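Please open the structure in your viewer and keep the selection tool at hand. The stops below can be visited in the order in which they are written.

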Amino acid sequence: MRAKHKTIIAVIIFAAVCAAIALPSGKEQGVKRSIFAMDTYMELTVYGHDAEAALDAAENEIMRLDGLLSTGNLSSEVSQLNNKKSGVLSKDCRYLFERSKQINEMTDGAFDITIYPLMEAWGFAGGDFRVPDDDELSRLLKYVGMSLVEYDDETGELKMPQQMKLDFGGIGKGYASQRVTELMRGYDIDASVISLGGNVQTFGRKPDKSKWKIAVKNPDDTSSYIGVLSVMDKAVVTSGGYERFFEKDGVSYHHIIDPRTGRPANSGLLSVTVVCGDGTLADGLSTALYVLGMEKAVDLWRSHSNEFDMILVDSSKKQYVTDGISNLYDSEADYEIIY
Ligand code: ADP
Ligand code: MG
């Protein structure tokens, strides 16, 4: 997958903005490390005695997970599975598959890891962007759907139709941020904040004991932000059509696919930010809620408001913030609180 230069530059600028907001100045800056993995820039900052050792472990873990989940790497577990159409999953892939299935059910199919043939058809897999026609999409859609996968949760054995391919891209970075945060807590550290692409996860408090301030990107201009969230021990994950896209004949096509239509989701939202203690859930939900759109996202939140909170930005750039985080969110623009 190839992001546009513009997007890459915007992400770098954003990372700098984010760092400026998230981190204190002076010698309590923590130890930082930048990594490029999972097709994205990652920035990790750790405070405390064993910061370097924790960062080494984190980097190894990210590389290990990238090696399991990368669809672009032919020897990854996911590529081998996509090639052979069956296999016994590793511990990580079992966890991810089972969580993906739960999120698929929770979101009425909006989150679906069997969309990979569609990612390929649109060119997001290799960078040869194209617009598939209706026939091609309906042919591919016959083999999209997690109910078509045979999975034994006792043994971890999976079997799927010949035409099917899996893609953990909508959940992998959230899982990695969760795993890495848990792993680093085993070291003598006081706090950590990691940003894996649009996935931020924090542990502990800043050295001055205040909460972390996490910027929420402006979906129209990703070098700026629309608001700042104060959080502790939470994942903050944003999905938006601006992350990866291409343009053809004046129309923009992005990388979050609506599994019902096979086309880039067009639900009227510019971005969805999910705040949740569980990084894997945060990532899966941010992708799914972007597909579902405002009304269904609000319904879902109302029945799961103890599990997550969210910030939605609609096509007129209006922001909606759920009650659970409304007092932790600061924006110069007016926003509506969802109860
Ligand atoms: P990003 O990877 O840009 O941070 P997301 O977390 O929203 O954003 O993930 C988008 C990725 O998820 C796509 O690149 C693709 O790999 C995968 N994906 C796209 N549509 C869906 C979907 N409906 N359900 C699950 N995964 C999806
Ligand atoms: Mg996601």
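Begin by selecting helix α8, residues 279-292, where D283 and T287 both lie, four residues apart, which is about one turn of the helix. Before going further, keep in mind that this is a predicted model. If you colour these two residues by accessibility, you will find that both D283 and T287 are buried.

Next, show ligand 2, the magnesium ion, together with its surroundings. Which residues coordinate the magnesium ion (ligand 2)? The donors are G170 through its O atom, D283 through both O and OD, and T287 through OG1, at 2.1 to 2.5 Å. Read along the sequence, the donor residues of this magnesium ion are spaced G-x112-D-x3-T, and the D and T of that pattern are the residues D283 and T287 that you have just seen in helix α8.

Now move to the salt bridges, of which the structure holds 15. Select R33 and E52, whose side chains meet in a salt bridge with an N to O distance of 3.0 Å. This pair links distant parts of the chain, since R33 belongs to strand β1 (residues 31-37) and E52 to helix α2 (residues 51-69), 19 residues apart. Are the two partners buried or exposed? R33 counts as buried because its relative accessibility is 16%, whereas E52, at 46%, counts as partly exposed. Add D56 and E59 to the selection, and you have the residues that are linked with R33 and E52 in a network of salt bridges.

Stay with helix α2 and select R64 and E61, whose side chains also meet in a salt bridge, here at 2.9 Å from N to O. Because R64 and E61 are three residues apart in helix α2, about one helical turn separates them. R64 is partly exposed, with a relative accessible area of 36%, while E61 counts as buried at 7% relative accessibility.

For another salt bridge, select K318 and E336, whose side chains meet at 2.7 Å, N to O. Here too the pair links distant parts of the chain: K318 sits in the loop between β14 (309-314) and β15 (319-322), and E336 sits in strand β17, 18 residues apart. K318 is partly exposed, with a relative accessible area of 32%, and E336 likewise counts as partly exposed, at 37% relative accessibility.

From strand β17, which covers residues 335-338, step back to A333, which is placed in the loop between β16 (329-330) and that strand. A333 is partly exposed, its relative accessible area being 37%. If you draw a distance from A333 to D278, C-alpha to C-alpha, you should read 28 Å in space, for two residues that are 55 residues apart in sequence.

For the last stop, switch on the surface and select D152, D153, E154 and E157, which gather there in a patch of negative charge. Where in the chain is D153 placed? D153 is found in the loop between β4 (150-152) and β5 (157-159). With a relative accessible area of 51%, D153 counts as exposed, so it passes the cut-off of over 50% that is used for that word.

Terms used:
Residues are numbered from 1 along each chain as its sequence is written. Chains are lettered from A and ligands numbered from 1 in the order in which they are written. This is a predicted model: local features need pLDDT of at least 70, side-chain atom pairs count only at pLDDT 80 or more; totals for chains, interfaces and linings use all residues. Side-chain values use heavy atoms; hydrogens and water are left out. Patches are made of residues with over 30% relative accessible area and no salt bridge: like charges are joined within 9 Å, nonpolar side chains (Val, Leu, Ile, Met, Phe, Trp, Tyr) within 5 Å. Accessible areas come from the Shrake-Rupley method with a 1.4 Å probe; for residues, only the protein chains shown count as cover. A salt bridge is a side-chain nitrogen of Lys or Arg within 4 Å of a carboxyl oxygen of Asp or Glu. Lys and Arg count as positive and Asp and Glu as negative; His and the chain ends are not counted. The place of a charge is taken as NZ of Lys, CZ of Arg, CG of Asp or CD of Glu. Helices (H or I, at least four residues) and strands (E, at least two) are DSSP runs, numbered from the N terminus. Buried means under 20% relative accessible area, exposed over 50%, partly exposed in between (1.4 Å probe, protein chains only). Donors are N, O and S atoms within 2.8 Å of the metal (3.2 Å for Na, K and Ca); water is not among the atoms, so sites may look incomplete.
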